[in-house]
Amino acid sequence: MAKKKRNISDKIKTLLFGKDIRITNGEPYTEIREFDFSSYYPENNYIYDMPLPKNNVYDIRDFGAVANDKSADNAPFINAAFDAAEKTHGTVLIDGGEYTTTTIFLKSNVTLFIERGSSLTANDTGKGYTNRAIIFGEGLENITFTGGGKLKGNGHLFGRKPVCEKNATTPDEYIDVIEMRNEYRKQLRFAHPSKYGSPIILKSCKNIKAENFIIENSAYWTFRLENCGNAEIKNFIINNNRHVANADGFDLVGSSDVIIDHCFVSTADDGIVIKNAVWEGCNREMRNITITRCEIISCTNAIKVGTETSHDISNITVDNCKLFMTDLYPGSVSAISLEAVDGAVLKDVRISNIESNRCSCPLFIRLGNRNRAATVNAQSARAIEFGEKSKKGAIANKNQFNMKSEIHDISVKNFKAYEVEIPIMICGFRQKGKTKRVKNITLENVNIQLSQRPDTVDRRLFIPEYAKEYPECNRFRNLPSYGLFIRHAENITIKNFSCSAKKTWKKEKYIKDLI
């Protein structure tokens, strides 16, 4: 519980014993708790009724599929429908109820149409899946998801019981970032080994269209595009249990030329995340991403670029989005997070017309040198997220990506943030005598409305660099400013920045080593 003032004993305990909470024992915890799912769920704003397709249609019932039987595995029948549809560039129809299935393999030039009111659903055991997916496609083209129906992941069945006995909704009396982070992690369902994977994984596919479609209750990354190109996602809903660990919404991994337009995401982990890491199978620059007209509820970062970023990322547009938390405490960790810590150059990012509410940190721009490729491989990077043990080994030598990360040319305009608890952060780093700076950042027409709850008094002699730590704004703990925290930066332009008044021990701005 947050206190009015952190004393010496509190600080020593944090330094010596302040490790992240992670539950690694116990059987699956299957209860759905109050507030696991958002009370705000605007389905009719995004999903609409469509007439059933009439021509070139392959109804899975004609191939033997049986609805509303949890003991059934309809995958053989659904895959047979896809095989037939591939020959005529047809449509596979899911109609008439809920169909339990293991892995479905997509085909090129085929449309998956799930009628509104019908669904494909993961089984209750997590057994029988390949490629860690319910729906999987690799090396395909001209893929369409539509119909207004659902893909259900049963994500709540594959995690362990959280530390907390119930979900938190009431803020602490005092704002303490350390306690906020702990409170969040105490509510998470960390992976049991039965966790099977994601609802949708597409690898090396192109010409993807997903419109009028719902994914619900994912067990892991919800919609993963890996090394894909030319994808348009529109009028799409992801509605997840907000306490299933590592349940991102959209994961764009090494994929370019992607538009995400008019989508609603409510999820436990990052809402929309852009990654480009060698241990995730990426080997080239990622570019041309547009995110617009979206509403995103996330317990971590509503929109994030980075963490897994060994290869370059450029030309990103984020416009006209609402990023918020509804009925949980803590709120989102950050509204928008831009990170390069594993060797990537992140550049040419344009953010405009954003409203955030109950996102602790409105904007986190973080350059670091975690250099993760020198410590993990494809297996070890993901092992803990499936309750597995990591096998030793690195995917790159220690110098391949070391000190290579850069962030520059970022524009943020017309940004309003409400109930702010952590300042806007723009941070480079200093490591082993070398300084690397975030460069060419513009903040224009930015308005910050602070939470009026009092801040825990936590005066620190210095703020560590945290250059090798996992990049998250709350890793910096309690900062001495409430509006801006800028360190190791170059050419920062601030126009029309305003911050509401607050009675606190903190200063509005902390700016160090700015040139």
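Here is a short chat about a predicted model and how a few of its residues get their labels.

Trainee: Why is L202 called buried?

Mentor: Its relative accessibility is 0%, and buried means under 20%, so L202 qualifies. L202 lies in strand β10.

Trainee: Which residues does L202 touch, beyond its sequence neighbours?

Mentor: Among them are L106, I143, F145, F223 and C228, with residues up to four places away in sequence not counted. The C-alpha atoms of L202 and N227 are 8.4 Å apart, while 25 residues separate the two along the chain.

Trainee: Which residues have the most contacts inside the largest nonpolar core?

Mentor: Those are F145, L202 and F223, in a core of 100 residues. Strand β29 (residues 481-499) supplies the largest share of this core, seven residues. F223 is in contact with F145 and L202, and also with I200, I233 and F250, among others. In soluble globular proteins, nonpolar side chains tend to be buried together.

Trainee: What about S198, is that residue buried or exposed?

Mentor: S198 has 2% relative accessibility, and the cut-off for buried is under 20%, so S198 counts as buried. S198 is in strand β10 (residues 198-203).

Trainee: What makes the link between S198 and W221 a polar contact?

Mentor: The side chain of S198 reaches the backbone oxygen of W221 at 2.7 Å, and a polar contact needs N or O atoms within 3.5 Å, so the distance fits. Other contacts of S198 include R132, I134 and Y220.

Trainee: Why is L16 called exposed?

Mentor: L16 has a relative accessible area of 56%, and exposed means over 50%, so the label fits. L16 lies in helix α1 (residues 8-17). Together with I8, I12 and L15, L16 forms a nonpolar patch on the surface, with about 440 Å² of accessible area in total.

Trainee: Why is S204 called partly exposed?

Mentor: S204 is at 39% relative accessibility, and partly exposed lies between the 20% and 50% cut-offs, so S204 fits in there. D409 is partly exposed too, with a relative accessible area of 32%.

Trainee: What stands out in the backbone of S204 and D409?

Mentor: Neither is a glycine, yet S204 has a positive phi of about 50 degrees and D409 one of about 65 degrees. S204 is in the loop between β10 and β11, whereas D409 is in strand β24. Most residues other than glycine have a negative phi, and most peptide bonds are trans.

Trainee: Where is there a cis peptide bond?

Mentor: Between Y329 and P330, with omega about -5 degrees. P330 is in the loop between β20 and β21.

Note on methods:
Residues are numbered from 1 along each chain as its sequence is written. This is a predicted model: local features need pLDDT of at least 70, side-chain atom pairs count only at pLDDT 80 or more; totals for chains, interfaces and linings use all residues. Side-chain values use heavy atoms; hydrogens and water are left out. Patches are made of residues with over 30% relative accessible area and no salt bridge: like charges are joined within 9 Å, nonpolar side chains (Val, Leu, Ile, Met, Phe, Trp, Tyr) within 5 Å. Accessible areas come from the Shrake-Rupley method with a 1.4 Å probe; for residues, only the protein chains shown count as cover. A salt bridge is a side-chain nitrogen of Lys or Arg within 4 Å of a carboxyl oxygen of Asp or Glu. Helices (H or I, at least four residues) and strands (E, at least two) are DSSP runs, numbered from the N terminus. Buried means under 20% relative accessible area, exposed over 50%, partly exposed in between (1.4 Å probe, protein chains only). A nonpolar core is a set of buried Ala, Val, Leu, Ile, Met, Phe, Trp, Tyr and Cys residues joined through side-chain atoms within 4.5 Å. Contact means heavy atoms within 4.5 Å. A polar contact is a pair of N or O atoms within 3.5 Å; within protein, one must be able to donate a hydrogen and the other to accept it, and residues adjacent in sequence count only if both atoms are side-chain atoms.
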